[in-house]
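User: Please take a close look at one part of this structure and describe its surroundings for a reader who has not met it before.

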Amino acid sequence: MSTAAAVPYSSPSDHGHEESKFQIYVQIAMLLAVITGIEIITVYLPFAHWILFTVLAGFSAVKFLFVIFFFMHLRWDKPFCTVLFFIGLVLAGGTMWALLQLFGSEAGKPLSAAFLETSRIVATG
């Protein structure tokens, strides 16, 4: 028996493929850092709040997609796994939206003195 058959052959092109993947990851990391810098600068620009929130949400979505598709290897996964991931994402987003609506700004305000007085009169009435 030959032991050479048990050792897999590694071609020089395999090493180059790993380096090219490494370069892609470094380039994506640099792109994410640049987008983060743009986000920080955007916060200090004198625009309307709805424009700032829209721009920041767009940048966050782009960064999110880069991270899940490349760093979480979702790009090379089966489409079924990608669909499952996005179903969970939609459910989590819907839950977050519902909680924000439930505990929104009106729910966080203290009760007014007039409302408390009216409630006391009705209760003792």
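Analyst: **E39 and its surroundings**

E39 lies in helix 1, which spans residues 12-43; helices here are DSSP runs of H or I with at least four residues, numbered from the N terminus. The model is predicted, so local features need pLDDT of at least 70 and side-chain atom pairs count only at pLDDT 80 or more, while totals for chains, interfaces and linings use all residues. Residues are numbered from 1 along each chain as its sequence is written, and side-chain values use heavy atoms, without hydrogens and water.

With a relative accessible area of 11%, E39 is buried (buried means under 20%, exposed over 50%, partly exposed in between, with a 1.4 Å probe and protein chains only). Beyond its neighbours within four places in sequence, E39 is in contact with L56, F59, S60 and K63, where contact means heavy atoms within 4.5 Å.

Helix 1 also holds A29, which counts as partly exposed at 32% relative accessibility. A29 and F71 are 42 residues apart along the chain, yet 9.5 Å separates their C-alpha atoms.

Helix 2 covers residues 49-71, and its axis comes within 12 Å of the axis of helix 3, crossing at roughly 145°; axes are lines fitted to C-alpha atoms over the stretch in contact, with angles from 0 to 180 degrees between N-to-C directions. Helix 2 contributes F64, L65, I68 and F69 to this contact, and helix 3 contributes T82, F85, F86 and L89.

Helix 3, residues 79-102, is also the place of V83. V83 is partly exposed, its relative accessible area being 45%.

Notes
Helix = DSSP H or I, 4+ residues; strand = E, 2+ residues; numbered from the N terminus.
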